[in-house]
Amino acid sequence: MADTDEPMVVDGGSGHTCEWEGRWNHIKKFLERSGPFTHPDFEPSTEFMLETCKILVIGAGGLGCELLKDLALSGFRNIHVVDMDTIDVSNLNRQFLFRPKDVGRPKADVAADFINRRIPGCCVVPHFKKIQDLDETFYRQFHIIVCGLDSIVARRWMNGMLLSLLVYEDSVLDPGSIIPLIDGGTEGFKGNARVILPGMTACIDCTLELYPPQINFPMCTIASMPRLPEHCIEYVRVLLWPKETPFGDGVILDGDDPEHIQWVYQRSLERAADFNITGVTYRLTQGVVKRIIPAVASTNAVIAAACATEVFKIASSAYIPLNNYMVFNDVDGLYTYTFEAERKENCSACSQVPLDLHFSPSSKLQEMLDYLTESASLQMKSPAITATIEGKNKTLYLQSVASIEQRTRPNLSKTLKELGLTDGQELAVADVTTPQTMLFRLCFTS
């Protein structure tokens, strides 16, 4: 803070002190002079970072709160934040921008209000929406995007969006169309930070194998021999929900909808009572449905600091950014290392050519569907498959709309040949993991 005898500039509208002499001296030491570790192309300047650079933070949870604080205190003034969640009591132990009075309010709104109120001159614009509700025009306005997400599906969707914004001229990537993506993730006492330059470095889908598989309980256990409260919740989620369709045919269970979670919670309690199992709570129910992993505040702080540092380096061009993956672990002591994740030539998201799908003409469509969902390099959630057959665009299978799923379900038991598919056929596959339709080429095997 400035000494009391230093001049201050006050915002006439709010009464907040917006600027004072020496406020950014700690930042200017990095931005206005070169040094042994500065980037070869570094040109001393503070204007872009402090005045112009526009940052998008995705997620206002444990990582997001830390990111907003770090970025604002680092001198970034134009920040947007997107989050679809509302504040729950359980958030208050680590998401420090929120207070008990904020419970039930949108995280994005409260986080933005807090930062704007506490850090004069910084303008955080909230968006209480899903990332899928915002279009290309919205994302194209930012210089850097930072993710503080707890969902791999959301990460992949964001990755796909930035890849779709790339511009190629005669198969040569236009560097001006690249929006760097800084991604942070935490899991208990472990975390990671990575720098992705879409179209140049390894993207999210290039490294899907690095993400831990979801924990799934054996079907026989949850159906007939439950022993844990989680088994009861999984029984309701996997078996009862699609059977009873409590909110209508085709309505997918939404872990962020309180009415959905309450229904699952009540049925789980009934299931638990039948087997004398205790421990089913609303919070546990939501955790199982959303696959929530317990968070540690100190890990969030470390990973957010690493991500904010990378944003600073890229925005200022003062230092060479991380290349390109940092792993952090403080389970037993402190351990961290970095490595370069290599780009995959046949990545389904960032390669420029359709991927080959190798199947026999006698293979059933169900086998193709299983491959798309179970392959470690694809990991789709609910792929919709379409193809042009005899000059007509035909939906072979679509799961997300109940009426179409029912109509196309018989196709799953048909062979690819019976469906009219041919060798070299181009297939279009849409999935929730990407905003863009992916193209595959069917290659028949003998």
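Here is a short chat about helices, buried residues, a core and a pocket in a predicted model.

Guide: A word on the ground rules: residues are numbered from 1 along each chain as its sequence is written, and side-chain values use heavy atoms, with hydrogens and water left out. Since this is a predicted model, local features need pLDDT of at least 70 and side-chain atom pairs count only at pLDDT 80 or more, while totals for chains, interfaces and linings use all residues.

Visitor: Why is S74 called buried?

Guide: Buried means under 20% relative accessible area, exposed over 50%, and partly exposed in between, with a 1.4 Å probe and protein chains only. S74 has 18% relative accessibility, so it counts as buried.

Visitor: Where does S74 lie?

Guide: In the loop between α3 (62-73) and β4 (78-82); helices (H or I, at least four residues) and strands (E, at least two) are DSSP runs, numbered from the N terminus.

Visitor: What makes the link between S74 and D70 a polar contact?

Guide: A polar contact is a pair of N or O atoms within 3.5 Å; within protein, one must be able to donate a hydrogen and the other to accept it, and residues adjacent in sequence count only if both atoms are side-chain atoms. Here a polar atom of the S74 side chain lies 2.7 Å from the backbone oxygen of D70. Leaving aside neighbours within four places in sequence, S74 is also in contact (heavy atoms within 4.5 Å) with W24, I27 and M49.

Visitor: What makes α3 largely enclosed?

Guide: 10 of its 12 residues are buried, so the rest of the structure largely encloses α3. Among them are L67, L68, D70 and L71. After α3 comes G75, with a positive phi near 110°.

Visitor: How do you know the span of α3 is close to the expected one?

Guide: The expected span is 1.5 Å times one less than the number of residues. For α3 that gives 16 Å, and the helix reaches 17 Å from its first C-alpha to its last. Helix α6 (residues 152-164), with 13 residues, reaches 18 Å, close to the 18 Å expected.

Visitor: What caps the N-terminal end of α6?

Guide: S151 does: a side-chain oxygen lies 3.3 Å from the backbone nitrogen of V153. As for cover, 10 of the 13 residues of α6 are buried, and those buried residues pack against β3 (54-58), α5 (136-140), β6 (144-147) and β9 (181-187).

Visitor: Why is I145 called buried?

Guide: Its relative accessible area is 0%, so I145 is buried. I145 is found in strand β6, and its contacts beyond four places in sequence include M158 and L162.

Visitor: Which residues touch the most other members of the largest nonpolar core?

Guide: I55, L68, F76 and I79, out of 47 residues. A nonpolar core is a set of buried Ala, Val, Leu, Ile, Met, Phe, Trp, Tyr and Cys residues joined through side-chain atoms within 4.5 Å. Helix α11 (residues 297-316) gives the largest share, nine residues. Beyond four places in sequence, F76 has contacts including V311, F312 and A315.

Visitor: Which element gives the most to the lining of the second largest pocket?

Guide: α6, with five residues. That pocket is lined by 24 residues, and S348, A349, S351, Q436 and T437 lie nearest its centre.

Technical notes:
1 Å grid on protein atoms, 1.4 Å probe; cavity = no way out; pocket = protein on both sides within 12 Å on 5 of 7 lines; lining within 4 Å.
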